[in-house]
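Please open the model in your viewer and keep the sequence panel beside it, so that each selection can be made by residue number. The tour moves from one stop to the next, and at each stop you are told what to select and what is there.

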Amino acid sequence: MAADLGEIMEAARRAELLTSQLLTFSRRDSKKVELVDLSQLLGRAGRMLHRVLGEEVHLTIRGNDHPHVVQGDAAQLEQVVVNLAVNARDAMPTGGALSLALADVELDADQAALHGLIAGAYVELAVQDSGGGMDEFTRDHIFEPFFTTKSVGKGTGLGLAMAFGVVQQCGGTIGVDTAIGEGSTFRIHLPRVVDPTLVDKGVPARAPTTATPGDQSILLVEDDAAVRRVVQRILVHAGYRVISCASPEEALEYVEQPGTHVDLLFTDIVMPRMRGTELAQRVSTLAPATRILFMSGYAHLEGETSLAHPIVQKPFQRHDVLAQVAARLRG
Ligand SMILES: Nc1ncnc2c1ncn2[C@@H]1O[C@H](COP(=O)(O)OP(=O)(O)OP(=O)(O)O)[C@@H](O)[C@H]1O
Ligand SMILES: [Mg+2]
């Protein structure tokens, strides 16, 4: 049973990765810009990478002893690192070495031109594997969406296309040095944030994964029955009291009943008849103390949610939901 469950989890992880890659792809123009310390990011990703890579691949991370700050979307940049690591693992089926190295570089006009950049201060992330390398044809096509040399069900050809898009959004570039039998080195250059006063703000550390639910009540609104059940189970297991509704109308009916109390409204945004944003407004009017948290798989909703209510991006994992719910209930 453990083995079967392992397979199921692996399949789910793969589906999650694919979904988020497709979403990243389609929401290219809307980016979240925050300060990201790549050293911290690699530190955080390190443990997960060990798991992804398995025991046969030796991982080294260098240059993460001091901050390397860039601007971008931390979650997407982390996904880029994961995609590169997964590719490296696939290129080293019998094991090998993977090194991630960060460095501050100053590129003059000539050096910058080699990478399609303008002169300036950059952070370079070099991802080097000792795998089989690539022939010229492969090398020339790897960043194209749906280009893959992997068999059906193994690769979708979106990993590097996604990496390319994310890096470009940050104003950077990605390139590769490779030859058959000589491994591959991917190099990412991202504009460096040099102002130290900005650095101090840093990137907020990830919220703790253990919630302190007490007996707080959450009004959960989600029209997709499967998602609703999963979220409900996650929240109930964590000890929250959950009122689960399949529509905004049902949720309003509950709130309008005398004597009800809800600590948090946790609602999907895109639903038939009434959007989660409108529901949030109505609930706020009826019960102003209610905290609000959105969830959505769509990014083009950003304008709509500039109402200062945070949003949990779908697809999500258990700990994301719990961390964000706990943070919302606290603050
Ligand atoms: N480190 C590497 N060593 C050798 N070949 C690589 C490496 N990284 C990528 N490639 C080649 O580039 C192709 C495209 O990579 P990409 O990550 O975009 O898609 P994929 O890995 O095939 O599928 P997906 O990432 O969507 O699961 C791969 O199929 C592989 O042929
Ligand atoms: Mg890949």
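Begin by selecting what covers the buried residues of helix α2, a set that includes β1 (34-37), β2, β3 (69-72), α3, β4 and β5. Then add the buried residues of α2 themselves, which are Leu38, Leu41, Leu42, Ala45 and Leu49. Keep in mind, while you look, that this is a predicted model.

Stay with α2 and follow its course: the helix, residues 38-53, lies across β2, β4 and β5 (120-129), and runs at about 175 degrees to β2. Where does α2 bend? Select Gly46, for it is there that α2 bends by about 40 degrees. Just after the helix comes Gly54, and if your viewer reports backbone angles you will find that the phi of Gly54 is positive, near 80 degrees.

Next, select the strands beneath your view of the helix. They belong to an open sheet of five strands, ordered β2-β4-β5-β7-β6, in which the pairing is mixed. The edge strands, each of which pairs on one side only, are β2 (57-62) and β6 (173-178). As you turn the sheet, note that its twist averages 20 degrees from one strand to the next.

Now select β2 together with β4 (residues 96-107), two strands that pair in the parallel sense over six bridges. Within this pair, pick out Thr60 of the sheet, which stands opposite Ser99 in β4. Then move to helix α6 (residues 159-169), which packs on the sheet and touches β6 and β7 (184-191), its direction making about 135 degrees with that of β6.

The next stop is ligand 1. Of the 21 residues around this ligand, the ones that come nearest are Ala91, Thr148, Gly155, Gly159 and Leu160. Two elements, α3 (74-91) and α6, give two or more residues to the shell around ligand 1, and α3 gives the most, with four residues. If you colour the shell by class, you will find eight nonpolar, eleven polar and two charged residues.

Finally, select Tyr254, which is found in helix α9 (residues 248-256). Is Tyr254 buried, exposed or partly exposed? Tyr254 counts as partly exposed because it has 16 C-beta neighbours inside 10 Å, whereas a buried residue would need 20 or more. Leaving aside neighbours within four places in sequence, Tyr254 is in contact with Leu219, Ile243, Cys245 and Thr260. To end the tour, display the C-alpha atoms of Tyr254 and Leu219, which are separated by 9.0 Å although the two residues are 35 residues apart along the chain.

Notes: Residues are numbered from 1 along each chain as its sequence is written. Chains are lettered from A and ligands numbered from 1 in the order in which they are written. This is a predicted model: local features need pLDDT of at least 70, side-chain atom pairs count only at pLDDT 80 or more; totals for chains, interfaces and linings use all residues. Two strands pair if DSSP finds at least two bridges between them. Axes are lines fitted to C-alpha atoms, for helices over the stretch in contact, and angles run from 0 to 180 degrees between N-to-C directions. Two residues are in contact if their C-beta atoms, placed from the backbone, lie within 7 Å. A residue is near a molecule or strand if its C-beta atom, placed from the backbone, lies within 6 Å of it. Ala, Val, Leu, Ile, Met, Phe, Trp, Tyr, Cys and Pro count as nonpolar, Asp, Glu, Lys and Arg as charged, and the others, Gly among them, as polar. The bend at a residue is the angle between axes fitted to the seven residues ending there and the seven starting there. A residue is buried if 20 or more other C-beta atoms lie within 10 Å of its own, exposed if 12 or fewer, and partly exposed in between; C-beta atoms are placed from the backbone.
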